[in-house]
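Visitor: Please take a close look at a single part of this model, one helix and what surrounds it. I would like one connected account rather than a list.

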Amino acid sequence: MQDIDVRDSHKRLLIQQIYRAQSMQRIVEARSCECPTRYPSWAAAEQVYVEHFAAFEYWDIVEAASEYRRQANQLRREAMPICDAAGNW
């Protein structure tokens with residue numbers, strides 16, 4: 001992510017949304033909100049970006065970021081009570 005030029009901030013935003021969706025998915029699957037679950041390494045999100053989106057044009061990346069945001073928001077509804085119960089929201 002550090003290698004992405006500031007003028008390509010839309011790419012960074014996509015990686016952030018991938019990370020957020022992955023984080024929420026991990027919480028829901030593990031039924032745990034411990035820090036290693038909620039805050040995994042960025043490597044997995046960066047790998048998804050490189051494998052699936054690195055060659056995309058601007059609008060395709062913006063659309064993908066919107067889709068990952070929707071996924072994360074849906075998963076958030078399930079993850080929030082898990083994290084709230086753990087005092088980690």
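Guide: On the face of helix H3 that is turned away from its buried side, the exposed residues are Val 50 and Glu 51. The model is a predicted one, and H3 covers residues 43–52. The buried residues in H3 are Ala 45, Val 48 and Tyr 49. These three lie on the same side of H3, because the arc they cover around the axis is only 100°. Packed against the buried residues of H3 are H1 and helix H4, the latter being residues 58–85.

The first of these partners is H1, which runs over residues 9–30. Two packed helices are described by the angle between their axes and the distance between the axes. For H1 and H3, the axes come within 9 Å and the crossing angle is roughly 125°. That angle makes H1 oblique to H3, because it falls neither in the 65 to 115 degree range nor over 145. The crossing in which H1 passes H3 is right-handed. From H1, the residues that make the contact are Lys 11, Leu 14, Ile 15, Ile 18, Tyr 19 and Gln 22. From H3, they are Ala 44, Ala 45, Glu 46, Val 48 and Tyr 49. Sorted by class, the contact of H1 with H3 has 8 nonpolar, 1 polar and 2 charged residues. Ala 45, Val 48 and Tyr 49 thus appear in two roles: they are buried in H3, and they are part of the contact with H1.

The other partner of H3, helix H4, also packs with H1. The axes of H1 and H4 come within 7 Å and cross at roughly 25°. An angle under 35 degrees counts as roughly parallel, and H1 and H4 are therefore roughly parallel to each other. Their crossing is left-handed, whereas that of H1 and H3 is right-handed. The contact of H1 with H4 divides into 18 nonpolar, 5 polar and 5 charged residues.

Two residues of H4 show where this helix meets other parts of the chain. Arg 69 is in H4 and is partly exposed, at a relative accessible area of 30%. Leaving aside residues up to four places away in sequence, Arg 69 touches Leu 13, Gln 17 and Arg 20. Ile 82 also lies in H4. With a relative accessible area of 11%, Ile 82 is under the 20% cut-off and therefore buried. With residues up to four places away in sequence again not counted, Ile 82 touches Ile 27, Val 28, Arg 31, Ser 32 and Cys 33. Between the C-alpha atoms of Arg 69 and Ile 82 there are 20 Å, for 13 residues along the chain. From Ile 82 to Asp 60, the C-alpha to C-alpha separation is 33 Å, for 22 residues in sequence.

One of the residues touched by Ile 82 is Arg 31, which sits in the loop between H1 and helix H2, residues 35–38. Arg 31 counts as exposed, because its relative accessibility of 55% is over the 50% cut-off. Most residues other than glycine have a negative phi. Arg 31 has a positive phi, near 55°.

Ser 23 is in H1. Its relative accessible area is 4%, so Ser 23 is buried. With residues up to four places away in sequence not counted, Ser 23 touches Thr 37, Arg 38 and Pro 40.

As for the setting of these helices, the protein has 4 helices and 0 strands, in the pattern α-α-α-α along the sequence. Its C-alpha atoms fill a box of roughly 40 × 20 × 20 Å along the principal axes. The protein has 89 residues, of which 36% count as buried. Among contacts between residues at least 6 apart in sequence, 64% join residues at least 24 apart.

Note on methods. Residues numbered from 1 in each chain as written. Predicted model: local features only at pLDDT ≥ 70, side-chain atom pairs only at ≥ 80, totals over all residues. Heavy atoms only, no water. Buried < 20%, exposed > 50% of the residue type's maximum accessible area, 1.4 Å probe, protein only. Contact = heavy atoms within 4.5 Å. Axes fitted to C-alpha atoms, helices over the stretch in contact; angles between N-to-C directions. Left-handed = near helix turned anticlockwise from the far one by under 90°. Nonpolar A, V, L, I, M, F, W, Y, C, P; charged D, E, K, R; others polar. Arc of directions from axis to C-beta.
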